[in-house]
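Biologist: I am new to this structure and would like to get to know it through one part. Please choose a single part, look at it closely, and then show me how it connects with the rest.

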Amino acid sequence: MRAVLWLAAIAVAFAAADTYVVVLALPDMMAGVGLSIEELQRAAPLISGFLLGYVAVLPLIGRLADLLGHLPVLVGGLVVFALGSFLTALSWDLAAMVVGRFFQGLGGGALVPATLALVAALYPAERRGVPLGLVSAVQELGSVLGPLIGAAVLAVADWRAIFVLNLVVGLVLAVTIRRLGRSDPGAAARGRPRPDLIAPLLLLFAGVAFVLLAIEPTALVQDLTWGALYVPAAGSTRWLTPLGLVTIIATLGFLVKCGLRPNVRRVLGRIAAEVDLLGALLLSFALAGVILAFATADPEVAVFSEQGTWYLVAGGLALLGFVFHLRRAQDPIVPRGAFARTPAWGSVLISFFVGAALVAALIDVPLFARTTIYGDSQLKAALVLLEFLVALPVGAVLGGFLTRRLPAGVIAGGGMLLAAVAFVLMARWDADALRSLSATVVLVAGGLGFGLALAPVNAAILATTEQSMHGLTTSFTVVARMVGMLVGISALTTIGLRSYYAAQADLPSLSSVCTGGGMCEDYQDLLIGAAIAQEHTVFAGAAVCAGIAALLSVVLLRGAPTRALSPTETVTAL
């Protein structure tokens, strides 16, 4: 089973890498569906769609992991991730690509809480620190590997090859984990039914029809007879063509055929009986409202867009309905008392501020590098962030090791305090700061600080919640961190831009600085100074978020039973 755990950790790293691969490949993906780089705002659903899948239904997936077992959710998550990769690779328009990205997020998000809960199932509380640190390390390693994988693939093929690679790796990991997990007596949903021919044939028809629909072979499209397969019955969408209808009908038939199997009916019946679907739906709507409000924002205008206000209102109403539902439901999706202990809900709150601070480093360190010394070289600017990203998984492993000997609050608080100090020093960088060794020290210290906090926070929530709820409770820490990143980047960027506009307003006129006309070097330096002021504001705000996380860690994680007893403590306890 421990081999399954490390395969699951690799899957988590690969899914995390996909996020950063997409950022690198986004311009090519936009071109693939007919969008120009000037239409970047129209491509926003590619990011928000992934986040919706990753975050909005994560609590429901975590609850399913508790009820059905962690292995089925791991395998299911990988299959869904592979399906999303397949849909994205064959996308012909923006809507199809957004659907593919949604399924990628849905599958990738399912891997994290299931893997963390699997650690808790395999190791006692006092021995979880190192495995949790390693899982956190490989997850963060994805942010390092993502750009490298993307650059390597794009050097020899187009962007679709990235998602074909995701498809292959996802399916291989799913099959391997499934086979290794068959010997696990504790996994749910055993009993593999005898296969029939109808379901595979329906799946084959759906797959062939979808591929033909996506690639549109010229010989078929231009043929007088076969070309009718590409003529929509109504409107202009490909889904209403004969091939599109065959894809939909065959897929539904496959799902229905699978649903008629006794073991699947039994599992679905258990889900319907034990999962609070109404509560899950309300919670998903609430999270979706927050995600869309901030993911669709234009930071140059406001923290969230005009439509974002309505998203927040809708999300707020769903949240009120969820709270009301929790008070009345007999068996709610979040069981009463699930977060009763302070370290449990404290871990969720801390994760929010960790995410809000972390996103400032991920976004604004490369921006600072481009503003000051690297100009338009996105690659060189990204390599500056690599110093931070390499230190982060090292800190995660170190934090897991220390969790066995020191209180979780001390380690997480110390790590976030180190990150806060690093941000304070970043807020004092000048235009030549990145040329010096001291900047590397600051970046490495910041990465180590964030890494140190990951394992103790996860260990605290696992140690203070029931094992039957570990999938659910750890899903909330992931949700909180992702929401914190969304809110953080939107709020900090908006505040930073206001600082930039204020500094720009104080600049002297171009004519008073440059007598020869044009953009002279002195005035360019003044503009760079205004941009640096913006980044200083963002780093200062991130320092505040990291400091809050440090304080909350020391106060709220106190008493979490995450460390092994020392010999003296063992004698005292006896």
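Modeller: Happy to! A helix here is a DSSP run of H or I with at least four residues, and helices are numbered from the N terminus. Please keep in mind that this is a predicted model. Let's look at helix α3, which spans residues 58-68. Of its 11 residues, 10 are buried, so α3 is largely enclosed by the rest of the structure. The buried ones are Leu 58, Pro 59, Ile 61, Gly 62, Arg 63, Leu 64, Ala 65, Asp 66, Leu 67 and Leu 68. Just after the helix, Gly 69 has a positive phi of about 105 degrees.

Notice that the buried list contains charged residues, Arg 63 and Asp 66. Asp 66 has no salt bridge, although it is buried. The nearest side chain of opposite charge belongs to Arg 63, 4.3 Å away. A salt bridge needs the nitrogen and oxygen within 4 Å, so this pair does not count as one.

What surrounds Asp 66? Beyond its neighbours within four places in sequence, Asp 66 is in contact with Gln 467, Ser 468, Met 469, His 470, Gly 471 and Leu 472. That run leads into helix α18, which covers residues 470-505.

Further along α18 we meet Ser 475. Ser 475 has a relative accessible area of 0%, so it counts as buried. With neighbours within four places in sequence left aside, its contacts are Leu 58, Pro 59, Gly 62 and Pro 113. Leu 58, Pro 59 and Gly 62 are among the buried residues of α3, which brings us back to where we began.

From α18 we can step on to another helix. Leu 454 sits in α17 (residues 437-463) and is buried, with a relative accessible area of 10%. Its contacts, apart from neighbours within four places, are Ser 136, Glu 140, Leu 392, Ala 396 and Arg 481. The C-alpha of Leu 454 is also 7.3 Å from that of Ala 412, although their positions lie 42 residues apart along the chain.

For the wider setting, the largest nonpolar core has 127 residues, and Phe 388, Met 416, Phe 423, Trp 429 and Phe 450 have the most contacts inside it. Helix α14 (residues 342-374) supplies the largest share, 16 residues. Phe 423 is in contact with Phe 450 and Phe 539, and with several alanines, including Ala 357, Ala 360 and Ala 361. There is also a second, separate core of 17 residues, which includes Val 22, Ala 25, Ala 89 and Leu 94.

Another helix makes a useful companion to α3. Helix α7 (residues 160-180) has 21 residues and reaches 31 Å from its first C-alpha to its last, close to the 30 Å expected. Its buried residues are Ile 162, Phe 163, Asn 166, Gly 170, Leu 173, Ala 174 and Ile 177. They cover an arc of only 105 degrees around the axis, which puts them on the same side of α7.

Finally, back to charges: the structure has one salt bridge by the rule used. It joins the side chains of Arg 435 and Asp 432, at 3.4 Å from N to O. Asp 66 of α3 is buried, whereas Arg 435 is exposed at 58% relative accessibility and Asp 432 is partly exposed at 47%.

Terms used:
Residues numbered from 1 in each chain as written. Predicted model: local features only at pLDDT ≥ 70, side-chain atom pairs only at ≥ 80, totals over all residues. Heavy atoms only, no water. Helix = DSSP H or I, 4+ residues; strand = E, 2+ residues; numbered from the N terminus. Buried < 20%, exposed > 50% of the residue type's maximum accessible area, 1.4 Å probe, protein only. Contact = heavy atoms within 4.5 Å. Expected span 1.5 Å × (residues − 1). Arc of directions from axis to C-beta. Core = buried A, V, L, I, M, F, W, Y, C linked by side-chain atoms within 4.5 Å.
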